[in-house]
Amino acid sequence: PMTRCEIHRFTFNPFGVNTYLLYSSEGEALIIDPGCSTPQEEAVLRDFIQARKLQPTRLLLTHAHLDHVLGNAWIAREYGLQPQMHRLDLPDLERLVAYAPLFGVEAEASPPPSLFLAGGERLTWSGPTLELLEAPGHSPGSLCFYIPDQEILVSGDVLFEGSIGRTDLPGGHHPTLLQSIRNVLWALPDRTVVYPGHGASTQIGIEKRENPFLREG
């Protein structure tokens with residue numbers, strides 16, 4: 001039988017970031033974009049992991065904007081994991097502590113990445129293989145995590161239900177973002193379920209037809 005994984009969404013911090021936990025029947029778990037920013041939010045994630053007796057083995061980042069990495073330092077302490085991410089987003093990770101007050105939040109410095117990831121790579125674990133898709137534009141090193149076996153895409157802040165990532169932050173570039181969506185994401189099957197960095201899930205086919213930022217003409 002095909003290996004499957006469960007995906008669970010938590011919504012954390014003042015920016016409403018979706019943190020995802022992917023976990024296999026073996027009990028292995030991957031944490032994506034840890035937005036937890038308070039002891040209460042940390043407890044929500046910890047309790048879920050404990051209740052299911054899961055063992056987190058990787059901390060993956062779609063990108064390194066501060067709202068997606070506020071939990072990095074805590075995850076490192078709690079589970080001994082350092083972030084795995086695209087090299088081009090390293091400046092954002094390193095600016096975390098300096099940047100956070102500008103957005104009205106406090107942040108603890110993130111540990112450095114243990115591994116740099118790039119598009120075209122595959123991540124294997126006890127669940128179904130993740131394919132890494134490079135989709136710059138929202139940030140220079142934005143990555144999406146695609147599970148072909150289950151037609152699931154964790155899209156970060158590239159594509160949302162009815163919207164797209166903002167491009168007014170340092171390193172953002174609107175034409176590049178549109179190109180990423182059209183060239184990379186639209187190549188996926190229409191029924192692929194998109195789990196974005198903020199807001200509700202959607203599907204590739206729905207966004208192709210209805211997303212106002214990507215309508216042709």
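Is Ala 76 buried, exposed or partly exposed? At 22% relative accessibility, Ala 76 counts as partly exposed. Keep in mind as you read that this is a predicted model.

## Around Ala 76

Let us start with this residue and its surroundings. Ala 76 belongs to helix H3. If we set aside the neighbours within four places in sequence, Ala 76 is in contact with Leu 81 and Pro 111. The second of these partners is worth a look along the chain: Ala 76 and Pro 111 are 35 residues apart in sequence, yet their C-alpha atoms are 7.2 Å apart in space.

## Salt bridges

Side chains of opposite charge can pair when their charged atoms come close. This structure holds seven salt bridges, and we can visit some of them here.

Begin with Glu 78 and Arg 46, whose side chains meet in a salt bridge at 3.0 Å, N to O. Glu 78 sits in helix H3 (residues 72-79) and Arg 46 in helix H1 (residues 39-51), so this pair ties together parts that are 32 residues apart in sequence. Both ends are partly exposed: Glu 78 has a relative accessible area of 34%, and Arg 46 has one of 23%.

Helix H3 also takes part in another pair. Here the side chains of Arg 77 and Glu 108 meet in a salt bridge, at 2.7 Å from N to O. Arg 77 lies in helix H3, while Glu 108 lies in the loop between helix H5 (96-99) and strand E6 (115-117), so the pair ties together parts that are 31 residues apart in sequence. Arg 77 counts as exposed, at 53% relative accessibility, whereas Glu 108 is partly exposed, with a relative accessible area of 42%.

A further salt bridge links the side chains of Glu 131 and Arg 122, at 2.9 Å from N to O. Arg 122 is exposed, and its relative accessible area is 58%.

## Parallel strands and a crossover

Now let us turn to the strands. Strand E3 (residues 28-32) and strand E4 (residues 55-60) run parallel and are joined by five bridges. To find one of these places in the model, look for Ala 29, whose bridge partner in E4 is Pro 56. How is the unit made by E3, H1 and E4 handed, left or right? Together they make a right-handed β-α-β unit.

E4 also pairs with strand E5 (residues 83-86), again in the parallel sense, over two bridges. Here Leu 59 has Pro 83 as its bridge partner in E5.

## A mixed sheet

Which order do the strands of the open sheet follow? Six strands form this sheet in the order E7-E8-E9-E10-E13-E14, and the pairing is mixed. At its edges are strand E7 (122-123) and strand E14 (202-203), each of which pairs on one side only.

At the E7 edge, E7 and strand E8 (residues 130-134) pair in the antiparallel sense over two bridges. Leu 123 stands opposite Leu 130 in E8. As a general point about strands, in a regular strand the side chains alternate between the two faces of the sheet.

## A buried asparagine

Our last stop is Asn 211, found in the segment after helix H7 (204-210). Asn 211 is buried, with a relative accessible area of 0%. What does Asn 211 touch, not counting residues up to four places away in sequence? Its contacts are Leu 159, Phe 160, Gly 162, Ser 163, Ile 164 and Ile 206.

Technical notes:
Residues are numbered from 1 along each chain as its sequence is written. This is a predicted model: local features need pLDDT of at least 70, side-chain atom pairs count only at pLDDT 80 or more; totals for chains, interfaces and linings use all residues. Side-chain values use heavy atoms; hydrogens and water are left out. A salt bridge is a side-chain nitrogen of Lys or Arg within 4 Å of a carboxyl oxygen of Asp or Glu. Helices (H or I, at least four residues) and strands (E, at least two) are DSSP runs, numbered from the N terminus. Buried means under 20% relative accessible area, exposed over 50%, partly exposed in between (1.4 Å probe, protein chains only). Two strands pair if DSSP finds at least two bridges between them. A crossover is right-handed if, with the strands pointing away from the viewer, the path from the first strand over the helix to the second runs clockwise. Contact means heavy atoms within 4.5 Å.
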